[in-house]
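Please open the structure in your viewer and keep the selection tool at hand. The stops below go from a whole chain to single pairs of side chains.

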Amino acid sequence: MGEMDQMKKEAEGLKSQIEAARKAAADTTLADAASGVAPAPRVQLKTRKTLKGHLAKIYAMHWATDCRLMVSASQDGKLIIWDAFSGNKINAVPLKSSWVMTCAYAPSGNLVASGGLDNMCTVYNLKTPVVKTVKELDAHTGYLSCARFLSDTEILTASGDTTCALWDIETGKQKTVFLNHVGDCMCLALSPDMNMFISGACDSLAKLWDIRDGTCKQTFQGHTSDINAISFFPSGNAVVTGSDDCTCKMYDLRSDQEVISYQDAQLNSGVTSLALSVSGRLIFAGYDDFNCNIWDSLKGEKVGVLSGHDNRVSCTGVPQDGMCVCTGSWDSFLKIWN
Amino acid sequence: MSNNSANSNNLVIAQKAVKQLRLEASVRRIKVSQAAADLKTFCLQNAHKDPLLMGVPSSDNPFRPPKSCSLF
């Protein structure tokens, strides 16, 4: 048993080393460094559109890269493709399994994907006369919590089986499996340069992965409960997480640590979703308490709130051009705000 | 599972954990002051291009149908 004790000792030593190195780099906090920055203006956004059509809780939404179309997924067993400008429904895709937890729009606009308690990621072609299933990606042994297309041929998934995977859509096989989390993976986000991705899990950790070599490069701790939402800061140098511990946090990749926490003593609902404005200054975070709070990312202050849903805000998204923010809720509606 | 194979399984897991920790320990870290400065700069330089921060004029708002006046 000597070797086991040796391993344990080395592990403890390395953990202390990492903690010490992080402390040595922590010569200030983001809030202190930003104390001279003018506060963000009080943000008062109005609902411009309410998208009605789903008959049950909405669990996910994702903008298309044209910033006009978007896909939403509901446990009414449908994916709806919306034209957000007009509020019209372009397509309704019936799902084999109504227990959907995620949806994604491919950058090309040709494909969408969904997945959930069926443990599969199903890819659909929107460009055929009738929407067709392209592939059922079946290998995860747990629910599908998140999916994001890299292109029409590759997709990343996060699963309740604690792994993330990169799939070849044409062959339907996993090209790479990302192993390291010890809790259900709940969310993932692609880096702006598409070489890395970040995952958040029920082990309260966020992990940065190299897509091509399959390795976990960095692990970020600090949350005390499941991480439900994650996003890259637009520069690609930081990530923002949202958790059941009622806080959001920003971790800087290059200093390898948490640089600010977004929390309020009066907020005691978990964070379900988050999205950043294009400059990275505003964080839109959806909570279990039916609201979406707006945070000044540099100063850590709440600068606004989006109230209007009658149930939990389950998903948020800002399109690439930053012209609005969309919130989706268990009340079955999606709202567009700006 | 015999005790021996359970032990060797645990050892493999421990070895992988140590390998991962070694990798993460070797990361080059910059000072938070520098990281913060870069985050600040990015936000400020891109602020004017951020419609949610700057506000969207009604005439340019694609989510708001333009109000038109017809003169007969």
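What follows is a tour of selections, each with a note on what is there. Keep in mind throughout that this is a predicted model.

**Stop 1: chain A as a whole**

Select chain A and show it as a cartoon, in which you can look for two helices and 28 strands. The radius of gyration of this chain is 20 Å, close to the 20 Å that the globule rule gives for 338 residues, so chain A is as compact as a globular protein of that length. If you turn the chain along its principal axes, its C-alpha atoms fill a box of roughly 60 × 50 × 30 Å. Switch to a surface, and you are looking at about 12,800 Å² of accessible area, with 49% of it belonging to carbon and sulfur atoms. Of the 338 residues in the chain, 59% are buried.

**Stop 2: where the two chains meet**

Now add chain B and colour it differently from chain A. Here 67 residues of chain A are in contact with 42 residues of chain B, and the two chains bury about 4,400 Å² between them, 70% of it on carbon and sulfur atoms.

Select residues 3–25 of chain B, which form helix α1 of that chain. This helix has 23 residues and reaches 33 Å from its first C-alpha to its last, close to the 33 Å expected at 1.5 Å a residue. Which residues of α1(B) are buried? They are B:L11, B:A14, B:V18, B:Q20, B:L21, B:E24 and B:A25. To see what these buried residues pack against, select α1 (2–25), β16 and β17 of chain A. While you look along the helix, recall that an α-helix has 3.6 residues a turn, so residues three or four places apart point the same way.

**Stop 3: charged pairs across the interface**

Side chains of opposite charge can pair when their charged atoms come close. Between chain A and chain B there are three salt bridges. Select A:D256 and B:R29 and show their side chains, which meet in a salt bridge at 2.8 Å from N to O. If you then add A:R22, you have a network of salt bridges that links A:R22, A:D256 and B:R29.

**Stop 4: charged pairs within chain A**

Over all chains, the count of salt bridges comes to 13, and the next three selections lie within chain A.

Begin with A:R212 and A:E154, whose closest N and O atoms are 3.1 Å apart in a salt bridge. A:R212 lies in the loop between β16 (206–210) and β17 (216–220), while A:E154 lies in strand β11 (residues 154–159), so the pair ties together parts that are 58 residues apart in sequence. Is A:R212 buried or exposed? With a relative accessible area of 53%, A:R212 is exposed, whereas A:E154, at 10%, counts as buried.

Next, select A:D288 and A:R312, a salt bridge with its closest N and O atoms 2.9 Å apart. This pair links distant parts of the chain, 24 residues apart, since A:D288 sits in the loop between β23 (282–287) and β24 (292–296) and A:R312 in the loop between β25 (301–306) and β26 (313–317). A:D288 is partly exposed at 22% relative accessible area, and A:R312 is partly exposed at 26%.

Finish with A:E258 and A:K249, whose side chains meet in a salt bridge at 3.2 Å from N to O. Here A:E258 counts as partly exposed at 29% relative accessibility, but A:K249, at 7%, is buried.

Terms used:
Residues numbered from 1 in each chain as written. Chains lettered and ligands numbered in written order. Predicted model: local features only at pLDDT ≥ 70, side-chain atom pairs only at ≥ 80, totals over all residues. Heavy atoms only, no water. Salt bridge = Lys/Arg side-chain N within 4 Å of Asp/Glu carboxyl O. Helix = DSSP H or I, 4+ residues; strand = E, 2+ residues; numbered from the N terminus. Buried < 20%, exposed > 50% of the residue type's maximum accessible area, 1.4 Å probe, protein only. Expected span 1.5 Å × (residues − 1). Contact = heavy atoms within 4.5 Å. Rg over C-alpha atoms; globule rule 2.2 N^0.38 Å. Areas by Shrake-Rupley, 256 points an atom, 1.4 Å probe, with all protein chains shown as cover. Buried area = accessible area lost by both parts, 1.4 Å probe.
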